[in-house]
Amino acid sequence: MKYVTTLIIGAGQAGLAMSKHLADRSIDHVLLERGKVANSWQTERWDSLRLLTPNWQSRLPGFDYDGAHPDDYMDMPQVVNYLQTYARATDAPVQEETTVLSVRRTYNGYIVQTDQDSWNCQTLVLANGACNIASVPKISEAIPASIRQLSPLDYKNPGDLEEGGVLVVGASATGVQLAREIRASGRDVTISVGEHIRVPRRYRDRDIKWWMEVTGILGTNYREIDDIKRVRKLPSLQLVGSHEGMLDLNTLSDEGVEIVGRVAGLHNDQLQFSGSLANMCAMADLKMNRLLESIDQWALEHGYSNGAPPHRFEPTSINTNPVLSMKLKDSGIKTILWATGYRPDYSWLDVPILDHKGAIKHDGGVVDSPGMYVLGLPFLRTRKSTLIDGVGDDAEYLADHLAASLSRVAA
């Protein structure tokens, strides 16, 4: 049995940020990582993926991006290099190739069993990420075996797919990006659209992330939100990490992708789609315009006059009689790609801190179990909590809370 004051599970951006803040407070700790540093970025992302945030927004505690292309977007090898460089620069005590098998509470802390050894710690930080398992709806179990089913965790590039048509389910950042890439490979593509958040890549000659930062939107605190549980479940922004412009349903439609509503059911080989597509798109347009109005108001109040003047984008255009059902046998679809979100993996956690839906019960990252913390979840403390740029502030607050907790125990 090994002993350390604090164990951190996960050595991605969240775990590394926490490690830096603990080191600054002289709190001994170890990070356990199932693969190499930045394992998820290295092994569980598709080949063409780039960050949705510009390079200048890649900021970890004491380690801002300082390259020659601040307005570009890192690809996955660059993200991995950035995080691994940070781990070396901060001398993070990472134990790699170590899989956590179980965590249980003791009278004075936690016992963490791994495939390498056992650890006893006073405090524990869960930084294993929010995207460990693909959230695939139960209806997938009824899809005929003749149709291959994948999640974005399985997909690398169009060459992985069967010849024939592809149904992409989900129209957030992942769904629209993959639908476009697969369509460009020459396949027929249909995208199933539910709730989504439409935003432009750039507005008034600035990246939308710049606007969301300076207006304070990204820094919105979780205590300012009336229904934080609902907001934490919202889909990601409909964005792509490039300078090509807006990637939305209009773009996909222009490129030959068929747009249908949310998958609603399957009966006798007939896949059914919701009739709410028009409402979903109208709501996304409305919310986008409200965002742009708030940006224009901020610019007016702060005397911002650089760049282009205010403008609005064409509303989402959809078929007035969208497809409401599809007979899979006759559709030509050979692959379904479920771009329907992700969820964390807590199968190894033997501590009663999960709610009835399997989510960790916490208050801004302070878990409902003494000495336990969680990092890297959507809107943990602010709207930017899942961003490389946001996790550092969360880690700083939680490191202060952890240090204070240790001081009370020692007193």
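The exercises below work through a predicted model of one protein chain, each with a solution in steps.

## Exercise 1: The chain as a whole

Determine how many helices and strands the protein chain has, and decide how its radius of gyration stands against the globule rule.

**Solution.** Begin with the secondary structure: the protein chain contains 10 helices and 25 strands. Turn next to the radius of gyration, which is 22 Å, close to the 22 Å that the globule rule gives for 411 residues, so the protein chain is as compact as a globular protein of that length. To complete the overall dimensions, take the principal axes, along which the C-alpha atoms fill a box of roughly 70 × 60 × 40 Å.

## Exercise 2: Burial, contacts, surface and charge

Find what share of the residues is buried, what share of the contacts joins residues 24 or more positions apart, and how the charged side chains are distributed.

**Solution.** For burial, the result is that 52% of the 411 residues in the protein chain are buried. For the contacts, consider those with a separation of 6 or more: residues 24 or more positions apart account for 69% of them. The surface comes next, where the protein chain exposes about 18600 Å², with carbon and sulfur atoms supplying 49% of that area. Finally, the charges comprise 42 positive and 51 negative side chains, and the centres of these two sets lie 4 Å apart.

## Exercise 3: Aromatic pairs around Trp211

Classify the ring pairs that Trp211 forms with Trp298 and with Tyr304, and locate the partners along the chain.

**Solution.** The count of aromatic pairs in the model comes to seven. In the pair of Trp211 and Trp298, the ring centres are 6.2 Å apart and the planes stand at 80°, and the pair is edge-to-face. This pair links distant parts of the chain, since Trp211 sits in helix H5 (residues 208–214) and Trp298 in helix H8 (residues 277–301), 87 residues apart. Both Trp211 and Trp298 are buried.

The second pair follows in the same manner: the centres of the Trp211 and Tyr304 rings are 5.0 Å apart and their planes are at 80°, so this pair, too, is edge-to-face. Because Trp211 belongs to helix H5 while Tyr304 lies in the loop between H8 and strand S20 (325–327), the pair ties together parts that are 93 residues apart in sequence. Tyr304 is buried, as is Trp211. As a last step, place these pairs in their wider setting, in which ring pairs link Trp210, Trp211, Trp298 and Tyr304 into a cluster.

## Exercise 4: Three residues and their surroundings

For Ala17, Ser40 and Ser140, state the element or loop that holds each residue, decide whether the residue is buried or exposed, and list its contacts beyond four places in sequence.

**Solution.** The cut-off needed here is that buried means under 20% relative accessible area.

- Ala17 is located in helix H1 (residues 13–24), and its relative accessibility of 0% makes it buried. Beyond its neighbours within four places in sequence, Ala17 is in contact with Leu60, Pro61, Tyr86, Val391, Gly392 and Ala395. By contrast, Ala17 and Ser294, which are 277 residues apart in sequence, are 32 Å apart in space, C-alpha to C-alpha.
- Ser40 belongs to helix H2 (residues 39–43), and with a relative accessible area of 19% it is buried. Apart from neighbours within four places in sequence, Ser40 is in contact with Arg34 and Arg45.
- Ser140 lies in the loop between strand S9 (133–134) and strand S10 (148–150), and at 13% relative accessibility it counts as buried. With neighbours within four places in sequence left aside, Ser140 is in contact with Gln149 and Trp338.

## Exercise 5: Positive phi and accessibility

Give phi for Asp91 and Glu97, then state where each residue lies and how accessible it is.

**Solution.** Start with Asp91, whose phi is near 55°, a positive value in a residue other than glycine. Asp91 is in the loop between H3 and strand S5 (94–95), and its relative accessible area of 64% makes it exposed. Continue with Glu97, which is likewise not a glycine and has a positive phi of about 50°. Glu97 lies in the loop between S5 and strand S6 (100–106), and at 41% relative accessibility it counts as partly exposed.

Notes. Residues numbered from 1 in each chain as written. Heavy atoms only, no water. Helix = DSSP H or I, 4+ residues; strand = E, 2+ residues; numbered from the N terminus. Rg over C-alpha atoms; globule rule 2.2 N^0.38 Å. Buried < 20%, exposed > 50% of the residue type's maximum accessible area, 1.4 Å probe, protein only. Contact = heavy atoms within 4.5 Å. Areas by Shrake-Rupley, 256 points an atom, 1.4 Å probe, with all protein chains shown as cover. Lys, Arg positive; Asp, Glu negative; His and termini not counted. Charge placed at Lys NZ, Arg CZ, Asp CG, Glu CD. Phe/Tyr/Trp six-rings, centres within 6.5 Å; stacked < 30°, edge-to-face > 60°.
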